[in-house]
Structures are given as structure tokens and as C-alpha cells.
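Visitor: Could you take me through one part of this model up close? I'd like to hear how a pair of helices pack against each other, and what surrounds them.

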Amino acid sequence: MERKFWTDDEIRSLIDVVFRESDDDNGEKKQDIMSYISSRILPVDNVKFNVGNAPEERRKLYFHVFKRCLGYVDKGSVFGCLIGGAAGDALGYPVEFVSTGEIFAKYGKDGVASYRLSSGEKALISDDTQMTLFTAEGLWYARENFGNPSLQNYIDEIYNAYKRWYSTQTGGYNGNENTIAEDERLNVRRAPGGTCLSALGSGKMGSIEEPINTSKGCGGIMRAAPIAIVMAQNDGYSMEEAAYLGAQSAAITHGNQLGYIPTAAFVAIIYSLLRGNTPVGAVLAAKDVILKIFPDSKAAMTTAELMDKALYCAKADISDIDAVSSLGEGWVAEETLAIAIYSFVKYSGDFKKALSVAVSHGGDSDSTGAVTGNMIGAYVGINAIPDEFKKNLELYDVLENMSEKLFYDVKLSR
Ligand SMILES: [Mg+2]
């Protein structure tokens, strides 16, 4: 079934109908829309309407509910997801190896809240964004090469893309396939993860069935968002299939269950957000998915428990520093996920604050920033990302171009 893609303008005009409360001409139409929403959405998410929210807040709420209702993935969320992730990566990269104490001594009580620009006046992205772009390109190639790709086609092309990334890190890419690997700005080393380099350098493709090592580092999760972007736009794939593809993509380089199961959860969260779920709703849905697709897995239980703890901390009266340190440092995938969930759920209406909390700690700040940025960007959309995080962001043109490709062109049904 070919899905209907709604434009932002179409969905906003629907919202306008609902908002024109004194307009009798639209009374019947408004009633239709509201009863449709009530029947489809309210029982699921318990979203409350007309309970005194400010008009702008209500408008935002309607926007998400309409998306959910119509199965609509909007362009702004796709761009927001990729660019938000790069922004979090760039914010955290300068403090990846700086302790919590040093961060607050140097940046003040709010921690890292704005970019530190390089000598070229750019906020530099790290390996997290590089690899995310290659994940995206792999998915794109699968579409180009196979027309209507199978899940195996997708994973094979993601592996090929990671090999291209590997060549950019080890002497330069010298193929001629019209790939982002030919962009010299991507042929630079930005603290690439040792596990990714050694796994890809082995010449073997790791998988869930044949683990390539026992690593549970965060190198698999921090690059996986594009998988959710492609799967969420395709009616042929369930959230479970999307999550499993996420796990397979992580297992290319990370063989421990705790290296790839949190990646499955992350992909499910982004998938669910892109389809209009609420922040807490998306996390809970993702938790159900990993427990379902990895039954009897201790690692799935561990991941689910840490996701619950992150949700608990986001509601508890506890300082951000204490909350984040209780969740870990983010060097391993389940901690990266938990810190991102905490930062996103607690500050889902405040992009800058969410990213700042996600990176202002002594752990793997660029990866926790990247994963948080993917989540909140998917939720609020590109227009809600403050200009200061778009301006000077390195590779912005490449990120926009890749977002465009993922939104318009990879929309097939099986
Ligand atoms: Mg990095």
C-alpha cells in the first residue's frame, strides 16, 4: 500500500480548522476531525484537549496528534532528527574527554550550552555524525541498487557504507561511486571509535548470529537514527522489524547483546516519535519492542530496566548532574540510551537545554549528545531547532542533502 504523504501545509490547515472555534462554517468539519482523533488517538495516549493549554501549546499538541492519527511523517521531523543529532554531537565533541568537574568549572553552572567554534569558525562534528551519514547513505544505496530492498539488502548496503567510512579514516577513500566518502571534509579523523575501526578493518561483517567481538560500546547506537527514518516512512515495515534492523546494523561492529539491543530500542524510539508518539509513549513502546524481539534476554531486561530508571529520573526531583551520573557515563550503549532518554524526556520542549544536559558530564558527551539530538530533533522538527545550532554546524549542506534524500526518495512499500 502506497502511503499518503501529508505536507506540513496540509496538516497545519487541518489544525487551523480545529482552531477556528467561532467559525460556524467549519463546525461540522471540526466535529468530524475531533471525533476521528478521539476514536484513534485519545484512548492510546490519553492526550487531553481543551484543558486550558495555551493556544500555542494546544497547537503543538494537535500537530503531534494529527501526525499520529494520519500515520504521517513530516519533513521537518526527518531533517530535525539528522540535524539535531549532528548538533548534539558537535556540542559534546569538545568535552568528550573532559571530566564533569572541569566542565562546570570552565563553562559555568549551566554547563556546555553553546558551540565552541574551530579556527575555521565551524562547530565540528565527530565520528558519530560521520557514521550516521554513512548509515543514511547505505540505506539510500539499497534503494538505488535494489529498487524495493529487503532487510538483508539494507544491512548489506549499510555494511558497504561503513567500509567506505573506514577507508576515509585509514588513508582516504579513492573509489569513484559518487558517494559522500569523496567529500574531503569527511576524510578526517574525529576520535573514531577503536571498536568500529578494528571490526571494519578485520574484513569480516559481524552479525547477531556471528558476533565479531564482545564489545558493548556505543559505536552502534550513535549512528543508527537513519534506519528509523527510512522504516517509519514505509508502511511495509513494523516497528519490530525496524528495531531488529537497528540491532543488526550495530552488530556489524559490536557483538555484545548490550551493544546492539539498546540500538534496537533507540531505533524504535525514533520510529515511534516520527509517527507522532509522545516522548514517554515512544520510550515505553520501544521497551515493549525489545522485550518482544529478544525474549529471555538478560541484556534486554537490563536495557529495559535502565530505560525505566531514566524515565523515573526525568520525573523525580533530582538534579540533572545527579540523575545523569546515576545512569552512567554513556561509553556503553545502554548508558548512552539512558542518558539520552533522560535529557530528552525531561526537556522535550527545550532543544538547547536537552542537549546541554546530555553533554555536560564526564562521559561520552558527543555520543549522548548525538542520540539525544536525534530524539528531540525528530520530536520537535527542524524549525524548532534554534538557529544558533544550525549556523556554523559543520557539513550542514551534506546533512540537509541526506535528509532530503531520506525523506523524498526512500518511501517504498514492500
Ligand atoms: Mg564521537
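Guide: Here is a look at one helix pair, followed by a single residue and the confidence values.

Some ground rules: residues are numbered from 1 along each chain as its sequence is written. This is a predicted model, where local features need pLDDT of at least 70 and side-chain atom pairs count only at pLDDT 80 or more, while totals for chains, interfaces and linings use all residues.

The chain has 20 helices and zero strands; both are DSSP runs numbered from the N terminus, helices being H or I with at least four residues and strands E with at least two. The pair to look at is α10 (residues 225–232) and α12 (residues 257–274), whose axes lie 8 Å apart at an angle of about 40°. Those axes are lines fitted to C-alpha atoms, for helices over the stretch in contact, with angles running from 0 to 180 degrees between N-to-C directions. That makes α10 and α12 oblique to each other, the class left over once angles under 35 degrees go to roughly parallel, over 145 to roughly antiparallel and 65 to 115 to roughly perpendicular. The crossing of α10 past α12 is right-handed, meaning the near helix is turned clockwise from the far one by less than a right angle.

Who touches whom? On the α10 side you'll find Ala225, Ile227, Ala228, Ile229, Met231 and Ala232, and they meet Val267, Ile270, Tyr271 and Leu274 of α12; contact here has C-beta atoms, placed from the backbone, within 7 Å. Sorted by class, this contact has ten nonpolar residues, no polar and no charged ones. Nonpolar covers Ala, Val, Leu, Ile, Met, Phe, Trp, Tyr, Cys and Pro; charged covers Asp, Glu, Lys and Arg; the others, Gly among them, are polar.

Now for Pro279, which sits in helix α13 (residues 279–293). Pro279 counts as buried because it has 23 C-beta neighbours inside 10 Å; the cut-offs are 20 or more other C-beta atoms within 10 Å for buried, 12 or fewer for exposed, and partly exposed in between. Leaving out residues up to four places away in sequence, Pro279 touches Phe344, Val345, Ser348 and Tyr379. Ser348 is 69 residues away from Pro279 in sequence, yet their C-alpha atoms are 7.3 Å apart.

As for trust, pLDDT is the predictor's per-residue confidence, from 0 to 100. The chain averages 87, with 81% of the residues scoring at least 70.

Methods: Two residues are in contact if their C-beta atoms, placed from the backbone, lie within 7 Å.
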